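This briefing is meant to be read beside the sequence and the coordinates. Please keep both open while going through the points below.

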Amino acid sequence: MRRLVSLPWATFFGSLFVVLTAVGLVGNTIVIVAISGDRKMRKSVMNMLLLNLAVADALNLFTTMAEWTNTIIVGRPEWILPDLLCPVARYFECVFLFASIFTQLIVCVERYIAIVYPIHARRLCSRTNILFLVGLSWLFVATFALPYALLNEKSPKSRTCHNFFMGTAFWTNYKWAEFFTFYLGPFVIFIVLYSKVSCVLWAKNRQLYEGVSNTTSEVSQRSEALAMRRNVVKMLVACVCVYFICYSPIQGIFLSKVLFNVSVHPPYEFILLMNALAMTCSACNPLLYTLFSKRFRARMAKLLLCRTPNAETNPRKDITNNSFTKVPFRERCGSTWDYVQGVLIIGRSPTPSVSKK
């Protein structure tokens, strides 16, 4: 069989996929270690949700390798991996993608309650409730994606991983359900809730400076708290925007076919470009965390450089030879090294402390 993708394009997309996968896996792994290895960060419900999002994105990037590796090597969508991996890979790709979307949806609702209804936030958004909701969402997406595991198999003639129910009424209805559940529904919820959150934060920011009885210190503290909340909302909105930008072309092709009966047959390079966009969505979330969150930047700097936050301001200095002495690795890396030891040696992670909120 001839190549559908020329060797230069295969080299280009292969390099692009490798870079996106490497950046995404490294970035999401750093987020996972940064949160799970820090007891203070594990106390935050928001950080636990971001940890779940990083896990889903990292696993999505890992399973996606089964798709693009075949195409890049042979230049066409021929399945060269074991036959069993055809339905398994397709299934887990969708599970991790759906889990990422639902996690962002839970984050949106949690931020809405915490900012718009702060009195009820401690009760509704407790650690127990959020973890239960996350577990329920994983169960739901694992069940919803089952048709991908049951209907995909390797074709004996074309040797591709193919869905033999493609074009049937059942599959069309299923794709409609997928469209409303994981694209249009979340899109509407994100717009409505984040718009309300933005209005509330803007109103609080205006009221902050209108009160004449507030002292300078109180105004400064409240202003800093509002700035942190606004940065969190900006980060989450950016993640949502990236998702819809990356997946809108795919949804547009689906809608053009089922609504207007327009079958789009783009060149295979365009299909590879859509796959690259989907991988970009999972790869760039850690970059958005570090861009908008000072705490994430500080924690990742400590993790990567193995230094304490005050290492620059209070370095250990040897007066006799006017040079800095080497700080022991364990002292520099602190709790991160303890956590890694616990996972690698003991086989378990430290028990997180109970959080009220």
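What follows covers confidence, overall make-up, cysteines, salt bridges, a buried threonine and a surface patch.

This is a predicted model, and the protein chain has a mean pLDDT of 77, with 74% of its residues reaching 70 or more. The chain contains 13 helices and four strands, one disulfide and, by the distance rule applied here, five salt bridges.

**Confidence along the chain**

- Confidence in the protein chain is highest in helix α6 (residues 127-144), where the mean pLDDT is 94, and lowest in helix α13 (residues 335-346), where the mean is 36.
- Over residues 308-357 the pLDDT is below 50, although the model gives this stretch 56 contacts beyond near neighbours in sequence.
- A second stretch, residues 208-213, also stays under 50 in pLDDT, and the model has seven contacts for these residues beyond four places in sequence.

**Overall make-up**

- Of the 357 residues in the protein chain, 43% are buried.
- Among contacts in the protein chain with a separation of 6 or more, 76% are between residues that are 24 or more positions apart.
- The protein chain exposes about 19700 Å², and carbon and sulfur atoms supply 67% of that area.

**Cysteines**

- The disulfide is formed by C86 and C161, whose sulfur atoms lie 2.0 Å apart in the model.
- This pair links distant parts of the chain, since C86 belongs to helix α4 (residues 85-116) and C161 to strand β2 (residues 161-163), with their positions 75 residues apart in sequence.
- The torsion about the S-S bond of C86 and C161 is about 85°, and the disulfide is therefore right-handed.
- C86 is buried, because its relative accessible area is 0%, and C161 is likewise buried, because its value of 9% falls under the 20% cut-off.
- C108 is buried as well, with a relative accessible area of 0%, whereas C241 is partly exposed, with a relative accessible area of 40%.

**Salt bridges**

- Side chains of opposite charge can pair when their charged atoms come close.
- E78 forms a salt bridge with R159, and the closest N and O atoms of the two side chains are 3.7 Å apart.
- Because E78 lies in the loop between α3 and α4 while R159 lies in the loop between β1 (152-154) and β2, the pair ties together parts that are 81 residues apart in sequence.
- The two partners differ in their exposure: E78 is buried, with a relative accessible area of 9%, whereas R159 counts as partly exposed at 36% relative accessibility.
- K154 and D83 also meet through their side chains in a salt bridge, with an N to O distance of 3.3 Å.
- K154 is placed in strand β1 and D83 in the loop between α3 and α4, so this pair ties together parts that are 71 residues apart in sequence.
- K154 counts as partly exposed at 25% relative accessibility, and D83 is partly exposed too, with a relative accessible area of 47%.
- A further salt bridge joins E110 and R111, whose closest N and O atoms are 2.8 Å apart, and both E110 and R111 are buried.

**A buried threonine in helix α3**

- T64 is found in helix α3 (residues 45-74), and T64 counts as buried because its relative accessible area of 14% is under the 20% cut-off.
- Leaving aside residues up to four places away in sequence, T64 touches E93 and M279.

**A nonpolar patch on the surface**

- Which residues form a nonpolar patch on the surface? The patch consists of F180, L184, F187, V188, I191 and V192, which together have about 500 Å² of accessible area.
- V192, one of the patch residues, has its place in helix α8, which spans residues 169-208.

Conventions: Residues numbered from 1 in each chain as written. Predicted model: local features only at pLDDT ≥ 70, side-chain atom pairs only at ≥ 80, totals over all residues. Heavy atoms only, no water. Patch = residues over 30% accessible without salt bridge, like charges linked within 9 Å, V, L, I, M, F, W, Y side chains within 5 Å. Areas by Shrake-Rupley, 256 points an atom, 1.4 Å probe, with all protein chains shown as cover. Salt bridge = Lys/Arg side-chain N within 4 Å of Asp/Glu carboxyl O. Helix = DSSP H or I, 4+ residues; strand = E, 2+ residues; numbered from the N terminus. pLDDT = per-residue confidence, 0-100. Contact = heavy atoms within 4.5 Å. Disulfide = S-S within 2.5 Å. Buried < 20%, exposed > 50% of the residue type's maximum accessible area, 1.4 Å probe, protein only.
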